[in-house]
Amino acid sequence: MTSFVRARFLALAFLAVVLSCIVGPFAKPVHATAPRVVEITAKRFAFSPDTITLHKGETVILRLKSEDVTHGFFIRALKLDEDIPPGTTSDFTVTPTTAGIFTTICDHFCGANHGNMKMTIVVE
Ligand code: CUA
């Protein structure tokens, strides 16, 4: 490499660094396109929060966990029927296609009041 070529290379490299410093802060952060995460905790005999709101066409990650025993998470509108075992976190990616107010039920027997364990998912 001649010293002229090396000088040109260094000048270009310097320019690239300067440009990336100028443009970098304005570039869209990568996580801007990541789906929103909605955390839901199951515990005898309720879900927390007991109501969440999703948006039609918006992809979200439902992050489910249980604080005691295995619960179920069944919502026909989102085509989800999952068990939520304790001690682990399960992610389910959903994209609601229909607006409405839907009831999610626990469909895994978890004790005396299992039949009343439900939550509401609003899709608007
Ligand atoms: Cu919780 Cu059944």
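User: In what order do the elements of the protein run from the N terminus on?

Analyst: Helices (H or I, at least four residues) and strands (E, at least two) are DSSP runs, numbered from the N terminus. Here the order is α-β-β-β-β-β-β-β-β-β, that is, one helix and nine strands. The model is predicted: local features need pLDDT of at least 70, side-chain atom pairs count only at pLDDT 80 or more, and totals for chains, interfaces and linings use all residues. Residues are numbered from 1 along each chain as its sequence is written, and side-chain values use heavy atoms, with hydrogens and water left out.

User: How many salt bridges does a search of the whole structure find?

Analyst: A salt bridge is a side-chain nitrogen of Lys or Arg within 4 Å of a carboxyl oxygen of Asp or Glu. The search gives three. One of them joins Arg36 to Glu58, with an N to O distance of 3.2 Å. Arg36 lies in strand E1 (residues 36-43), and Glu58 in the loop between strand E3 (51-54) and strand E4 (60-66); the two are 22 residues apart.

User: Which residue forms a salt bridge with Lys43?

Analyst: Glu67 does, and the closest N and O atoms are 3.9 Å apart. This pair also links distant parts of the chain, from Lys43 in strand E1 to Glu67 in the loop between E4 and strand E5 (71-75), 24 residues apart.

User: Where in the chain are Asp91 and Arg63?

Analyst: The side chains of Asp91 and Arg63 meet in a salt bridge at 2.8 Å, N to O. Asp91 is in strand E7 (residues 89-94) and Arg63 in strand E4, 28 residues apart.

User: Is Glu67 buried or exposed?

Analyst: Buried means under 20% relative accessible area, exposed over 50%, and partly exposed in between (1.4 Å probe, protein chains only). Glu67 has 51%, so it counts as exposed. Its partner Lys43 is partly exposed at 45%. In the other pairs, Arg36 has 34% and is partly exposed, as is Glu58 with 25%. Asp91 at 39% is partly exposed, and Arg63 at 26% is partly exposed.

User: What share of the 124 residues is buried?

Analyst: Buried residues make up 27%. Accessible areas come from the Shrake-Rupley method with a 1.4 Å probe; for residues, only the protein chains shown count as cover. The accessible surface comes to about 8,000 Å², 60% of which belongs to carbon and sulfur atoms.

User: What percentage of the contacts with a separation of 6 or more comes from residues 24 or more positions apart?

Analyst: Contact means heavy atoms within 4.5 Å. For this protein the figure is 63%.
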